[in-house]
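Thanks for sharing this one. Here are my notes, point by point, to read with the structure open beside you.

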Amino acid sequence: MNDLNESGYTTMKTQQSLQTPATLRRLLDQESLNFILTNRLPRVALTHFMGWLSKIEHPWVCRPAIAIWKMFADLDLSEAARQDFKSLHDCFTRALKPGARPFNPDPTLLCSPSDGIIVGCGPIVDETLIQAKGLTYTLTDLIHDPARVDQHRNGFYVTLRLKSSMYHRFHAPADCRVSQVDYISGDVWNVNPPALKRVPGLYCRNERAVIRAQLADGSPMTLVPVAAILVASIRLHWLDVRLHLRYRGANPIPCDAALARGEEMGWFEHGSTIIICLPPGYGLAEDLGLGAQVQAGQALAQPEKPKKHKL
């Protein structure tokens with residue numbers, strides 16, 4: 001009987017341990033607790049520590065870290081180009097198998113630059129964008145350039161949130177030419193829904209890069225990758241610097257990079273947000289809406305059809 005009792009006790013403890021990650025996930029899904037745990041910590045110090053830890057190239061660090069990550073996120077590595085990750089950072093910034101993200105070839109469409117969830121979209125009202133219900137922010141606060149603001153005034157925007165488990169690289173939405181990158185230092189607030197509902201002007205507070213580009217027809221397109229807690233590092237392939245909290249280089253970085261539709265632009269080192277700003281005349285692609293999950297290469301925006309006037 002003692003053996004049976006011990007066996008039953010062991011089985012019960014095993015089941016409890018297997019339920020622990022699910023229990024923690026449920027706790028973290030409670031918005032108030034999630035906000036406190038992910039934003040009231042020393043954000044910058046924790047982000048620096050995570051950057052250091054993620055780059056340790058040792059299986060005793062890498063393998064347990066990825067295993068823990070899988071327990072708390074829907075991490076699917078089946079599309080990864082390889083499975084032998086040297087570090088957690090190597091897994092975060094993984095490339096995918098060839099053909100995993102085909103880009104829509106229709107030249108009239110703008111493709112999603114990354115995997116993500118549409119957490120904001122719609123017309124830019126003068127220069128105001130919506131962050132969350134009841135909270136707005138302005139282009140002036142986001143990109144700090146009056147001339148660029150005028151180019152997108154009354155235009156269109158889409159905000160994509162990359163979850164930590166998603167593919168973290170981002171690509172050119174269409175054929176374009178990048179003329180300048182403005183690095184804006186800032187905080188590293190979490191950019192998940194609980195924080196977006198509680199922190200006014202969150203995107204304008206966080207570290208970010210403003211990528212100024214022109215489409216093939218000369219229209220302006222601005223991409224704003226926004227960093228977040230654990231994610232304060234943005235890599236752009238055509239720059240010889242990595243943009244992160246310790247970067248102290250020139251804020252405006254002139255460049256001349258011609259990019260083809262679907263060409264890789266860079267990556268986040270965990271997951272975060274990209275805001276796409278377009279001139280007037282664009283709208284969301286068909287069958288998409290707030291909350292939709294998209295993949296890099298999928299049609300995201302298109303020219304609006306002229307409205308028919310009633311006789």
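**Notes on the model**

1. Let me start with a single side chain. Tyrosine 137 has a relative accessible area of 3%, and because the cut-off for buried is under 20%, it counts as buried. Please keep in mind throughout that this is a predicted model.

2. Tyrosine 137 belongs to the 1 aromatic pair that the structure holds. Its partner is tyrosine 203: the ring centres are 5.6 Å apart and the planes stand at 75°, so the pair is edge-to-face. The two rings come from distant parts of the chain, with tyrosine 137 in strand β4 (residues 135-138) and tyrosine 203 in helix α9 (residues 202-205), 66 residues apart. Tyrosine 203 is buried too, at a relative accessible area of 1%.

3. For the overall picture, the chain has 311 residues, and 50% of them count as buried. You will find 9 helices and 17 strands in the chain. If we take the contacts with a separation of 6 or more, residues 24 or more positions apart account for 75% of them. The chain exposes about 15800 Å², and carbon and sulfur atoms supply 56% of that area.

4. Strand β5 (residues 156-161) deserves a look. How many of its residues are buried? The count is 6 of the 6, so the strand is largely enclosed by the rest of the structure. Phe156, Val158 and Leu160 point one way from β5, while Tyr157, Thr159 and Arg161 point the other way. Both sets are buried, and that includes Arg161.

5. Which strands pair with β5? One of them is β2 (residues 116-123), which pairs with β5 in the antiparallel sense over 6 bridges. To find this pairing on screen, look for cysteine 121, which stands opposite valine 158 in β5. Strand β14 (residues 273-278) also pairs with β5 in the antiparallel sense, over 6 bridges. A handy marker here is arginine 161, whose bridge partner in β14 is threonine 273.

6. Next, a histidine. Histidine 152 lies in helix α7 (residues 146-152). Is this side chain buried or exposed? Histidine 152 is buried, with a relative accessible area of 0%. Leaving aside residues up to four places away in sequence, histidine 152 touches Ile124, Asp126, Leu139, Pro220, Met221, Thr222, Cys277, Leu278 and Pro279.

7. There is also an open sheet of 3 strands, in the order β1-β17-β15, with antiparallel pairing. β1 (110-111) and β15 (282-284) stand at the edges with a single partner strand each, so one side of each has no neighbour in the sheet. β15 and β17 (residues 299-303) pair over 3 bridges in the antiparallel sense. Within this pairing, leucine 284 has alanine 301 in β17 as its bridge partner.

8. Finally, the surface. Ile68, Met71 and Phe72 form a nonpolar patch there, with about 260 Å² of accessible area together. Phenylalanine 72 sits in helix α4 (residues 59-72). With a relative accessibility of 35%, phenylalanine 72 counts as partly exposed. This patch makes a good contrast to view beside β5, where 6 of the 6 residues are buried.

Note on methods:
Residues are numbered from 1 along each chain as its sequence is written. This is a predicted model: local features need pLDDT of at least 70, side-chain atom pairs count only at pLDDT 80 or more; totals for chains, interfaces and linings use all residues. Side-chain values use heavy atoms; hydrogens and water are left out. Two strands pair if DSSP finds at least two bridges between them. Helices (H or I, at least four residues) and strands (E, at least two) are DSSP runs, numbered from the N terminus. Patches are made of residues with over 30% relative accessible area and no salt bridge: like charges are joined within 9 Å, nonpolar side chains (Val, Leu, Ile, Met, Phe, Trp, Tyr) within 5 Å. Accessible areas come from the Shrake-Rupley method with a 1.4 Å probe; for residues, only the protein chains shown count as cover. A salt bridge is a side-chain nitrogen of Lys or Arg within 4 Å of a carboxyl oxygen of Asp or Glu. Buried means under 20% relative accessible area, exposed over 50%, partly exposed in between (1.4 Å probe, protein chains only). Rings of Phe, Tyr and Trp (its six-membered ring) pair if their centres lie within 6.5 Å; planes under 30 degrees apart count as stacked, over 60 as edge-to-face and the rest as tilted. Contact means heavy atoms within 4.5 Å.
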